[in-house]
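Got the model open in your viewer? Set it to cartoon, keep the selection box handy, and follow along stop by stop.

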Amino acid sequence: MSPLPVRRLGQLTVSAQGLGCMGMSHAYGATDDQQSIATIHRALDLGVTLLDTSDFYGAGHNEELVGRALSGRRDEAVIATKFGFANELGEQTRIRGDAAYVRQACDASLRRLGVDHIDLYYLHRVDPEVPIEETVGAMAELVAAGKVRFLGLSEASAATIRRAHAVHPISALQSEWSLWTRDLEEEIAPVCRELGIGLVPFSPLGRGFLTGRITSLDTLEENDMRRSQPRFADGNLDRNLAIVERLRELAADRGVTAGQLALAWVQHRGDDVVPIPGTRRESNLRENLGALDIELSAAELAAIDAAAPAREIAGNRYDESALRFVDR
């Protein structure tokens, strides 16, 4: 494997592919801390610098895990974490972006991570009850205090991005982007590019579906969040599997996996795009990084688009309870 190229998120330089750490603590079934730490270490060994976590993943466990993995290796990593989901015990999930909570959340993340600063601090979801100017203003104070280096937003609308960037430069927007989720292409990505904001696609492999390894709900553990997502529901799953099969055929022609082809497609969206595929396993990490070596011609990109047209994706990416947290 060639040395990893780098890309820019605003003024922040990172490896051209990052590592999403959510699944090491959250959402996809049983986890193994030692396996996850070994995977993080291998990612660093291979040149991955951007590690993505959140205070929400595993109710803080994921930040603690990343902090443990980085003991003695802090200087090798660009730590990105997020705040905004404020879940008190027994309460319904809610979003908080008020200034007091921004400060509280940051200090708690620093303690869990065991570091003195966060490299990229995202607002995980936009608080509809608090002006974005207040939230980003408080985040900017963290930069001035040396607790945070760069700021980001997640799942924000174009209008919100403009308002936020007017308060303090936003370096990155983290949103879902893959062959089966292309919502930001029409308006949001162009605004980010106008303002010099990098794009960090999460779930670039469609929550693992585009690898072709998920063929039925029976392959998922009982507590796997994908069991409740519309695209994995009966009827929708079979229609979406037909798309994956077409990807597998194209991938076979190139001698790569379906997941590598889908991830290479995301990497080809632009030099300002840094996807963060998540995995707990070193074998998957290596496979994902292999996508960086795949050069796709215009004809191949067109063939991939034709194999996975957005209009044929069956089901919403979230159910309504989760969609209510997306700024639209």
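In which strand is the place of Leu12? Select residues 12-15: that is strand β2, and Leu12 is in it. Before going further, note that this is a predicted model, in which local features need pLDDT of at least 70, side-chain atom pairs count only at pLDDT 80 or more, and totals for chains, interfaces and linings use all residues. Residues are numbered from 1 along each chain as its sequence is written, and side-chain values use heavy atoms, with hydrogens and water left out. Helices (H or I, at least four residues) and strands (E, at least two) are DSSP runs, numbered from the N terminus.

**Stop 1: Leu12 and the hairpin**

Show Leu12 as sticks. Leu12 is buried, with a relative accessible area of 3%; buried means under 20%, exposed over 50%, and partly exposed in between, using a 1.4 Å probe on protein chains only. Leave aside the neighbours within four places in sequence, and Leu12 is in contact with Arg7, Val78, Leu120, Arg149 and Phe150 (contact means heavy atoms within 4.5 Å). Now add Gly152: it sits 140 residues from Leu12 in sequence, yet the C-alpha to C-alpha distance is 11 Å.

Next, select strand β1, residues 6-9. Arg7 and Leu9 are on its covered face, while Val6 and Arg8 are on the uncovered one. β1 pairs with β2 in the antiparallel sense, over 4 bridges; two strands pair if DSSP finds at least two bridges between them. Look across from Leu9 and you land back on Leu12 in β2. The hairpin has 2 residues between its strands, and Gly10 takes a positive phi near 60 degrees there.

**Stop 2: the sheet**

Colour the open sheet of 7 strands, which pair in parallel in the order β3-β4-β5-β6-β7-β8-β9. Which strands stand at the edges? They are β3 (19-20) and β9 (198-202), each with a single partner strand, so one side of each has no neighbour in the sheet. Zoom in on β4 (residues 50-52) and β5 (residues 78-83), which run parallel and are joined by 3 bridges. Asp52 is a handy marker, standing opposite Ala80 in β5.

**Stop 3: helix α5**

Select residues 158-167 for α5, then pick out Ala158, Thr160, Ile161 and Ala164, which are buried. They cover an arc of only 155 degrees around the axis, which puts them on the same side of α5; the arc is that of the directions from the helix axis to the C-beta atoms. What do the buried residues of α5 pack against? Their partners are α4 (132-144), β7 (148-154), β8 (172-176) and α6 (188-195). Turn to the face away from the buried side and you find the exposed residues Ala159 and Ala166.

**Stop 4: two pockets and a cavity**

Rolling a probe the size of a water molecule over the atoms shows where empty space is left. On a 1 Å grid over the protein atoms alone, a cavity is a set of points where a 1.4 Å probe fits but cannot get out, a pocket is an open set with protein on both sides within 12 Å along at least five of seven lines, and lining residues have an atom within 4 Å of a point. Grid points are joined across faces, edges and corners, and a volume is the space filled by probe spheres set on the points.

The largest pocket holds about 1,300 Å³ of space. To centre your view, select Met22, Tyr28, Arg207, Met225 and Arg226, the closest to its centre of the 50 lining residues.

For the second largest pocket, about 420 Å³ in volume, go to Arg182, Asp183, Leu184, Ile188 and Arg317, which lie nearest its centre among 24 lining residues.

The structure has 1 cavity of 30 Å³ or more, with about 40 Å³ of space. Select Glu176, Trp180, Arg207, Gln229, Arg231, Phe232 and Arg317 to see its lining.

**Stop 5: two backbone oddities**

Most residues other than glycine have a negative phi, and most peptide bonds are trans. Arg207 has a positive phi near 55 degrees, and lies in the loop between β9 and α7 (236-254). Ala59, in the loop between β4 and α2 (61-69), has a positive phi of about 50 degrees although it is not a glycine. Arg207 is buried, with a relative accessible area of 8%, whereas Ala59 is exposed at 74%.
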